[in-house]
Amino acid sequence: MASSTLVWLRNDLRIADNPALAAALKHDAPVHAVYVLETDRGLRPLGGAAKVWLHESLKGLNGDLAERGVRLSYREGDSATLIPELVRETGAERVYWNRRYDPAGRAHDAALKSALKSDGIEAESFNAALLVEPWDIATKQGTPYGVFTPFWNALRDKPIAEPIGRIEKHEAISPPALDFGEAPFWAEGILAHWTAGESRAKNMLADFLDDLLADYPKDRDVPRKDATSRMSPHLRFGEIGPRQIWHAVRHLIDANPAMASAGGKFLSEVAWREFSYHLLYHRDDIARHSMQERFDTIDWRKDTRALHAWQKGQTGIPVVDAGMRQLWRTGWMHNRVRMLTASLLTKNLLIDWRKGEQWFWDTLVDADPANNPASWQWVAGSGADAAPYFRIFNPVTQGEKFDPGGAYVRKWVPELKDMPDKWVHKPWEADAGTLDKAGLKLGETYPEPIVDLKASRARALDTLKR
Ligand SMILES: Cc1cc2nc3c(=O)[nH]c(=O)nc-3n(C[C@H](O)[C@H](O)[C@H](O)COP(=O)(O)OP(=O)(O)OC[C@H]3O[C@@H](n4cnc5c(N)ncnc54)[C@H](O)[C@@H]3O)c2cc1C
């Protein structure tokens with residue numbers, strides 16, 4: 001068999017600016033690509049919603065790869081054995097992939113790389129996922145960053161590589177059939193709300209930059225408005241890369257300097273993702289260990305009933321329920337509401353942040369190995385650059401501030417649709433007549449609040465202080 005190249009696709013499901021794929025296509029030799037749904041021990045299995053996304057994304061990519069002469073295959077199992085097997089099957093002399101940054105994944109890839117090399121196979125990895133890789137950015141003392149603002153100040157001055165321009169093409173083939181097995185039972189809502197894939201990601205970014213960026217700083221915290229980019233699942237699976245976003249925004253600002261402030265704000269949010277990856281790389285398994293060790297001595301409450309009520313959006317706290325239902329139905333939740341739901345769980349309910357992180361991991365289409373645990377730890381207060389433990393969000397005042405009038409709550413919690421604005425974020429304070437008129441029976445048509453916000457806040461402060 002003619003020598004060929006194997007591209008191992010992971011979180012880089014795109015053609016453009018994909019350095020491993022571009023390098024493979026430069027050789028005048030067949031290119032095979034594979035996605036492995038990894039079951040290797042120690043690697044975190046993908047959650048259900050992410051799997052739905054993955055399958056949709058691979059379906060589109062399959063066609064795009066075939067147009068360029070690349071044959072995609074899909075496997076489930078241990079990549080440590082499947083990759084060498086595929087190397088033999090395809091007669092590959094080279095294996096290329098784009099890097100990941102979690103400690104377990106890195107150790108796994110390093111071992112595979114040396115095994116391939118000792119078999120005489122060329123194995124090379126590239127950066128597709130980050131503006132700046134964790135080892136290329138450090139404090140003046142040469143240590144990793146632990147606080148976002150100085151990290152961002154350093155990042156914004158770094159030269160960011162331009163996306164790869166031209167990608168070679170080989171003669172087109174017809175796309176092979178892929179068999180993914182069964183989708184999770186709640187896939188339907190996700191599929192109704194999203195379209196996966198590289199071309200969708202590119203169009204969504206263009207629309208966002210044209211229509212929404214100017215108001216992004218003002219509106220990004222308002223959950224009822226569709227004011228953010230919704231790039232997160234596309235970025236999660238690498239259907240678009242951060243270099244492409246960075247340079248698209250820079251070019252826009254060059255052409256229209258009035259967009260500098262809004263563009264800068266948006267890029268600073270993209271930089272939070274970079275910061276999460278910086279932490280993922282430098283810290284010890286951030287999905288399992290609190291970055292501040294003392295948080296792992298907290299006596300978290302074991303309250304399955306409350307955890308289930310939270311998961312199902314039945315806490316009786318409107319903005320929290322709205323968020324948890326948006327998550328379940330669509331695989332996504334607005335950032336402000338992610339903070340409020342996480343705060344209720346970890347502070348008011350004093351339930352271990354890992355329980356919430358795992359639920360998000362399973363239900364978010366953008367469930368990200370860096371962003372999810374880092375953000376959970378930020379809210380819990382156990383993170384590197386965490387909100388101080390005494391900052392506990394009040395979901396009522398936050399709801400009134402960011403969802404005045406309650407349009408977001410009414411959308412996801414229709415039981416409350418006829419509540420007057422004044423009470424929509426705190427129906428338990430309304431009098432019997434008001435509840436009656438709105439058709440609401442607390443404890444029957446909509447739950448009583450699962451915790452007393454004031455007392456549970458005091459309990460959290462006391463526990464965390466200790
Ligand atoms: C408890 C909790 C869990 C979270 N879990 C995830 C997760 O699993 N995956 C994920 O991508 N984001 C996560 N976030 C961060 C944030 O909520 C989402 O990135 C954002 O809501 C995605 O919507 P968007 O793409 O429209 O964001 P935009 O506001 O348009 O931002 C653009 C991009 O910047 C990045 N970004 C924005 N805000 C943040 C942030 N606070 N932290 C890190 N990156 C950010 C994302 O990649 C996002 O797509 C979490 C936040 C919280 C509070």
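Contacts between residues 24 or more positions apart make up 76% of the contacts with a separation of 6 or more in the protein chain. The model analysed here is predicted. Of the 466 residues of the protein chain, 44% count as buried. The C-alpha trace spans about 80 × 50 × 45 Å along its principal axes. A compact globule of 466 residues would have a radius of gyration near 23 Å, so the 24 Å of the protein chain agrees with that expectation.

The secondary structure of the protein chain comprises 20 helices and five strands. An open sheet of five strands is arranged in the order β3-β2-β1-β4-β5, and the pairing is parallel. Its edges are formed by β3 (70-77) and β5 (122-126), each of which pairs on one side only. From one strand to the next, the twist averages 25°. Helix α2, residues 48-67, packs on the sheet and touches β2 (31-38) and β3. The direction of α2 makes about 145° with that of β3.

At the β5 edge, five bridges in the parallel sense join β5 to strand β4, which covers residues 92-98. Within this pairing, Y96 stands opposite E124 in β5. V95 has contacts with L6, W8, I83, V87, L116, I121 and A123, when residues up to four places away in sequence are not counted. V95 and V7 are the residues with the most contacts inside the largest nonpolar core, which has 122 residues. In soluble globular proteins, nonpolar side chains tend to be buried together.

Among the helices, α13 was examined in detail. This helix takes in residues 318-330, a run of 13 residues. The distance from its first C-alpha to its last is 18 Å, close to the 18 Å expected at 1.5 Å a residue. The buried residues in α13 are P318, V319, V320, D321, A322, G323, M324, Q326 and L327. Both nonpolar and charged side chains are thus represented, the latter by D321. The buried residues of α13 pack against five helices named here: α12 (304-312), α14 (335-348), α15 (353-363), α17 (395-402) and α18 (407-412). After α13 comes G331, with a positive phi near 80°.

Methods:
Residues numbered from 1 in each chain as written. Predicted model: local features only at pLDDT ≥ 70, side-chain atom pairs only at ≥ 80, totals over all residues. Core = buried A, V, L, I, M, F, W, Y, C linked by C-beta atoms within 7 Å. Buried ≥ 20, exposed ≤ 12 C-beta atoms within 10 Å, placed from the backbone. Contact = placed C-beta atoms within 7 Å. Helix = DSSP H or I, 4+ residues; strand = E, 2+ residues; numbered from the N terminus. Expected span 1.5 Å × (residues − 1). Rg over C-alpha atoms; globule rule 2.2 N^0.38 Å. Pairing = 2+ DSSP bridges. Axes fitted to C-alpha atoms, helices over the stretch in contact; angles between N-to-C directions.
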